[in-house]
Amino acid sequence: MHLDDAPAPACTICHNGLYENELTHQACRPCTDRVDHNLRALAGADGLYARLAHSLRPGSSGGGPVVSGSRTAPLPVRLEPLSLAARGGVVTILQTWLIDWHDLLGYRHPRWDGDLQQQLDQVVKRLRVLLPWAAEEHGAFDEFARELGSLVHQCQVVTGGEKPTRRIGVACTCGHTLRVTLDTAGVRCPACSTQYGHSEALRLPLAERRNAA
């Protein structure tokens, strides 16, 4: 195979082609910026992580009034935001990624100080510092971006900041129906293995209702 026949380097997240100044990177600039935006959305006193604490009471959604339509006493806390806010949730997942990055760079093990909110702010700050390196060098940067995006989306849903994403059916060129959202980074057709980037997936025609069900 001639060198000219080799596939052009593509972003591992959206699968669109990389610009000339990004050819050594794992992710394109827009996708890297989206990762940075998601990290910033979690941190701070007004961030999504802090808002989880206000969504723990049954019937609450982002600090709304407590309501109950049942005679049965509700659980003392809502499990969805609790699982995200507690140890093992958002903070622990991000800390695990930072440990991995430090190991690959040969840095010493990061230290965690304070309560979980303070640890969240610390790990977000450090991940943002190392983000340019990770976007260029880390072989699993796409996995990190997807997991981070999922965490942010879950936090938005349980705090009332966003409704669950609505998926629509679009038709692959082979006729198979693919389920995508407006935030879809990319999708691969399981029938013919065609890979679509973000913009390509959204340009596909809508699937007929009988096929999209």
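In the predicted model, Arg40 is partly exposed, with a relative accessibility of 42%. This residue forms a salt bridge with Asp36, the closest N and O atoms lying 3.1 Å apart. Both residues belong to helix 1, where they are separated by 4 residues, about one turn of the helix. An α-helix has 3.6 residues a turn, so residues three or four places apart point the same way. In contrast to the partly exposed Arg40, Asp36 counts as buried, at 16% relative accessibility.

Asp36 also meets the side chain of Arg128 in a salt bridge, at 2.6 Å from N to O. Because Asp36 lies in helix 1 and Arg128 in helix 5, this pair ties together parts that are 92 residues apart in sequence. Arg128 is partly exposed, its relative accessible area being 36%. Through shared partners, the salt bridges join Asp36, Arg40 and Arg128 into one network.

A further salt bridge in helix 1 links Arg29 to Asp33, with the closest N and O atoms 3.5 Å apart. These two residues are likewise 4 residues apart. Arg29 has a relative accessible area of 46% and is partly exposed; Asp33, at 38%, is partly exposed as well. The count of salt bridges comes to 4.

Helix 1 itself comprises residues 29-42 and reaches 20 Å from its first C-alpha to its last. Its buried residues are Cys31, Thr32, Val35, Asp36, Asn38, Leu39 and Leu42. Seen down the helix axis, they fall within an arc of 160°, so they line one face of the helix. The elements covering these buried residues include helix 2, helix 4, helix 5 and helix 6. Helix 1 is followed by Gly44, which has a positive phi near 90°.

Key: Residues numbered from 1 in each chain as written. Predicted model: local features only at pLDDT ≥ 70, side-chain atom pairs only at ≥ 80, totals over all residues. Heavy atoms only, no water. Expected span 1.5 Å × (residues − 1). Buried < 20%, exposed > 50% of the residue type's maximum accessible area, 1.4 Å probe, protein only. Arc of directions from axis to C-beta. Contact = heavy atoms within 4.5 Å.
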